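Okay, everyone, thanks for coming. I'd like to walk you through one protein model today, so have a look at it first.

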Amino acid sequence: MAAVVVVHGIGKQYKSAGLLHGCVAAALCGGVEHAGHQPPEADDIAMAFYGNLFRQEGRRGDSGPDGAELSTVEQDLVVQWWRAAARIDPENVQHPDDTADARAPVPVTVKAALRALSMSRFATKMTERALYGSLRQVQEYLYGDKREPVLERVCGLITPATRVVVGHSLGSVVAYEALCRLTGHGVRALVTLGSPLGVPLVFERLVPAPRKSICVWPGAGVRWTNLYDRHDVVALQEELAGLFGGVGHTVTDVPLTGDAPQVMDRAVDNGWRAHDLLHYLTARSTGAAIHEGLTG
């Protein structure tokens, strides 16, 4: 019966709920303290863990990175990440237009993109293999067979006592869809961190689907704060305001008006680990949003 449910992002297939809970709860409480408020008890924070659903038993789950093994969606996304990383982190990432690899056949282009991203502030020296695995998880959730088991697990942790749901990275997509699915929940605040929700390849696959380029609001009475680091290439579309606004669980044809709810977008600085969940959680803006959701 947790008051706060945290939904992790990509790359946690070798972790567990217990392993993540300790550091996540400490970081979340630190962020609330940094915002000048009394933090919740660690027992009031639940870790919605689904990473093991992406673990491939008996063989390496990230056996790439061979560009030929990537779907068209994954290929498009990794090149978009490369361009974004080069634009916002030019000291460390060469722009694809400045290298012949960007005009090479697909496997070479994808490998070049993964290599470039591994040197960015977003990846902080993540291996190309780890980046490949992250792409595959996005693909399997949005276009494969992982959405239902992931949502079932997360929805099961959101109870009438839950006031705040925090979603990081792919977990922000899961958190959003879970709140849209759960009618009558008591959640007051959705806090998304380093979210790809506004990226067209993701946005167009959301459930409920967008109508006239607008997706439904995740429940009446929900206050939504979206935090991003400008060096976080997962949040290619940094600001989500204007993309969501249909109140309730039915997509309407009514355009956004001044009375419609708006996502509150806030920029933070995560340093050299731009996409790191713990860095997002310790930010004052994150702590303030979580505290507001807890206290109403």
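Let me start with a question: which residue in S6 is the bridge partner of threonine 192? Take a second to find threonine 192 on your screens. Got it? The partner is asparagine 226. One thing to keep in mind before we go on: what you're looking at is a predicted model.

So let's zoom out from that pair. Strand S4, residues 189-193, and strand S6, residues 223-228, run parallel, and 5 bridges join them. If pairing is new to you, strands of a sheet pair through backbone hydrogen bonds, either parallel or antiparallel. Here, 6 strands make up an open sheet with parallel pairing, and if you read across it, the order goes S2-S1-S3-S4-S6-S8. At the edges sit S2, which covers 45-48, and S8, which covers 264-267, and each of those pairs on one side only. From one strand to the next, the twist averages 20°.

Now, the helices. Helix H1, residues 17-34, packs on the sheet and touches strands S1 and S2. Compare directions and you get about 135° between H1 and S2.

H1 also has a helix for company. The axes of H1 and helix H9, residues 284-295, come within 7 Å and cross at roughly 90°. That's why we call H1 and H9 roughly perpendicular to each other. Who touches whom? From H1 we have Leu28, Gly31, Val32 and His34, and they meet Arg284, Gly287, Ile290 and His291 of H9. Sort the residues of that contact and you find 3 nonpolar, 4 polar and 1 charged.

There's another crossing I like, between helix H5, residues 147-155, and H6. The axes of H5 and H6 come within 10 Å, and the crossing angle is roughly 70°. So H5 and H6 are also described as roughly perpendicular to each other. On the H5 side you'll see Arg147, Glu148, Val150, Leu151, Val154 and Cys155, and on the H6 side Val174, Glu177, Ala178 and Arg181. In this contact the split is 6 nonpolar, no polar and 4 charged.

Let's stay with H6 for a moment. H6 has 12 residues and spans 17 Å from its first C-alpha to its last, close to the 16 Å expected at 1.5 Å a residue. Is H6 mostly covered or mostly open? Mostly covered: 11 of its 12 residues are buried. Among the buried ones are Leu170, Val173, Tyr176 and Leu179, and Glu177, which we just met in the contact with H5, is buried too.

Right before H6 comes a backbone oddity. Serine 169, in the loop between strand S3 and H6, has a positive phi near 60°, even though serine 169 isn't a glycine. Buried or exposed, what do you think serine 169 is? Its relative accessibility is 1%, so serine 169 counts as buried.

Lysine 212 makes a nice contrast. Lysine 212 also has a positive phi, about 55°, without being a glycine, and its loop runs between H7 and S5. But with a relative accessible area of 65%, which is over the 50% cut-off, lysine 212 is exposed.

And one last stop in that loop, the one between helix H7, 200-203, and strand S5, 215-216: proline 208 sits there. The peptide bond from valine 207 to proline 208 is cis, with omega near 5°. Okay, that's my tour, so let's talk!

Key:
Residues are numbered from 1 along each chain as its sequence is written. This is a predicted model: local features need pLDDT of at least 70, side-chain atom pairs count only at pLDDT 80 or more; totals for chains, interfaces and linings use all residues. Side-chain values use heavy atoms; hydrogens and water are left out. Helices (H or I, at least four residues) and strands (E, at least two) are DSSP runs, numbered from the N terminus. Buried means under 20% relative accessible area, exposed over 50%, partly exposed in between (1.4 Å probe, protein chains only). Axes are lines fitted to C-alpha atoms, for helices over the stretch in contact, and angles run from 0 to 180 degrees between N-to-C directions. Angles under 35 degrees count as roughly parallel, over 145 as roughly antiparallel, 65 to 115 as roughly perpendicular and the rest as oblique. Contact means heavy atoms within 4.5 Å. Ala, Val, Leu, Ile, Met, Phe, Trp, Tyr, Cys and Pro count as nonpolar, Asp, Glu, Lys and Arg as charged, and the others, Gly among them, as polar. Two strands pair if DSSP finds at least two bridges between them. The expected span of a helix is 1.5 Å times one less than its number of residues.
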